[in-house]
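Q: Please take a close look at one part of this protein, its nonpolar core, and explain how the helices around the chain are packed against one another.

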Amino acid sequence: MIKFGLQFCSKQGRNNTDKLSILISMLKEIKEECLKENINITKYPITLDSWYVSKQLKEQLDELGFTKIIMAGKSSYVFEGEDFKGKGSEWKKRVDYQENQWGIDVPCVRKQLSNPTFGELNLLFFQKSNSNCYLLMDLSSISLRGIWRIWSAHNIIEQFWKILKSVLKIAEMKLRKQGIYIGLLIKVIMYLILLSMQFMPSLRRLSLTQIMRKIQSSTRLTDVIKEHFQNDFLGISAII
């Protein structure tokens with residue numbers, strides 16, 4: 001079992017939310033809990049969205065012992081190479097993307113550039129389509145394939161949260177205090193059930209969204225309650 005932390009907080013700008021302080025506090029707590037089980041989580045990489053990119057965060061992660069750090073780069077950040085200095089958005093258009101890189105399934109290129117805030121950096125530019133180009137900032141010294149493998153895991157985690165929001169409607173559970181964590185647990189259980197349903201022959205070609213729609217269109221709550229609970233559960237017989 002892997003220990004992990006989760007904390008709900010207000011959006012940035014509301015109730016003086018400081019997500020950076022919350023993140024560092026949670027990492028400290030998780031690190032301490034893992035050390036009790038002789039697990040050193042600092043040897044594992046950390047990935048962060050561009051919202052979190054800052055020199056302060058890098059320094060605080062260094063203090064905690066995290067050395068493998070990959071962040072999504074901001075297009076507004078300025079990078080300087082041997083013959084050009086410009087924003088990330090300009091570098092995306094200038095670099096020569098290469099296909100069939102070992103272990104990477106999209107055109108990409110690695111560049112060593114400097115930034116006024118972070119100093120020397122390894123940047124990975126990759127292209128998902130002709131118009132969508134992205135860059136990752138490697139704040140350590142991980143191999144090209146290693147950066148891509150780590151970031152692919154980051155995308156899987158992001159997809160998990162997107163499904164909780166869009167398919168399982170996590171935001172519609174208006175619970176308070178500890179109830180929000182119970183609500184999250186219910187949604188995670190639903191997510192795992194949907195994943196298991198994809199192995200059913202009749203559903204294996206459907207996405208999680210399609211499976212959820214199929215359930216909603218063919219199942220009535222009253223039928224479920226009649227099948228699994230007592231006949232007069234919550235006075236259900238009065239509304240059938």
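A: A residue is called buried when its relative accessible area is under 20%. By that rule, 35% of the 240 residues of this predicted model count as buried. The secondary structure comes to 7 helices and 7 strands, and along the sequence these follow the pattern α-β-α-β-β-β-α-β-β-β-α-α-α-α. Among the contacts with a separation of 6 or more, 45% join residues that are 24 or more positions apart.

The core itself comes next. In soluble globular proteins, nonpolar side chains tend to be buried together. Here the largest nonpolar core has 31 residues, and Leu61, Phe79, Phe125 and Met137 are those with the most contacts inside it. At least two residues of this core are supplied by each of α1 (19–35), β1 (46–48), α2 (55–64), β2 (69–72), β5 (108–115), β6 (119–127) and β7 (133–138). The largest share, 5 residues, comes from α1.

Met137 may serve as an example of a core residue. Leaving aside its neighbours within four places in sequence, Met137 is in contact with Val53, Ile69, Ile70, Met71, Gly73, Tyr77, Phe79, Phe118, Leu121 and Asn122. One of these partners, Phe79, is itself among the core residues with the most contacts.

Two of the helices that supply the core, α1 and α2, also pack against each other. Their axes come within 11 Å and cross at roughly 10 degrees. Angles under 35 degrees count as roughly parallel, and α1 and α2 are therefore roughly parallel to each other. On the side of α1 the contact is made by Leu20, Leu23, Ile24, Leu27, Lys28 and Lys31, and on the side of α2 by Gln56, Leu57, Gln60, Leu61 and Leu64. By class, this contact of α1 with α2 has 7 nonpolar, 2 polar and 2 charged residues. Leu61 thus appears here as well as among the core residues with the most contacts.

The loop between α1 and β1 contains Asn38. Asn38 has a phi near 60 degrees, a positive value in a residue other than glycine. Most residues other than glycine have a negative phi. At 73% relative accessibility, Asn38 counts as exposed. Cys34, by contrast, is buried, with a relative accessible area of 4%, and Cys108 is buried too, at 0% relative accessibility. A disulfide requires a pair of cysteine sulfur atoms within 2.5 Å, and by this rule the count comes to 0 disulfides.

Further along the chain, other helices cross in another manner. The axes of α4 (residues 144–166) and α5 come within 11 Å and cross at roughly 105 degrees, and α4 and α5 are therefore roughly perpendicular to each other. Phe160, Trp161, Ile163 and Leu164 of α4 meet Leu184, Lys187, Val188 and Tyr191 of α5. By class, the contact of α4 with α5 has 7 nonpolar, no polar and 1 charged residues.

Helix α5 (residues 179–197) also packs against α6 (residues 208–218); their axes come within 10 Å and cross at roughly 100 degrees. That crossing makes α5 roughly perpendicular to α6. The residues in contact are Met190, Tyr191, Leu194, Leu195 and Met197 of α5 with Leu208, Ile211, Met212 and Ile215 of α6. By class, this contact has 9 nonpolar, no polar and no charged residues. Tyr191 of α5 takes part in the contact with α4 and in the contact with α6.

Terms used
Residues numbered from 1 in each chain as written. Predicted model: local features only at pLDDT ≥ 70, side-chain atom pairs only at ≥ 80, totals over all residues. Heavy atoms only, no water. Axes fitted to C-alpha atoms, helices over the stretch in contact; angles between N-to-C directions. Helix = DSSP H or I, 4+ residues; strand = E, 2+ residues; numbered from the N terminus. Parallel < 35°, antiparallel > 145°, perpendicular 65-115°, else oblique. Contact = heavy atoms within 4.5 Å. Nonpolar A, V, L, I, M, F, W, Y, C, P; charged D, E, K, R; others polar. Buried < 20%, exposed > 50% of the residue type's maximum accessible area, 1.4 Å probe, protein only. Core = buried A, V, L, I, M, F, W, Y, C linked by side-chain atoms within 4.5 Å.
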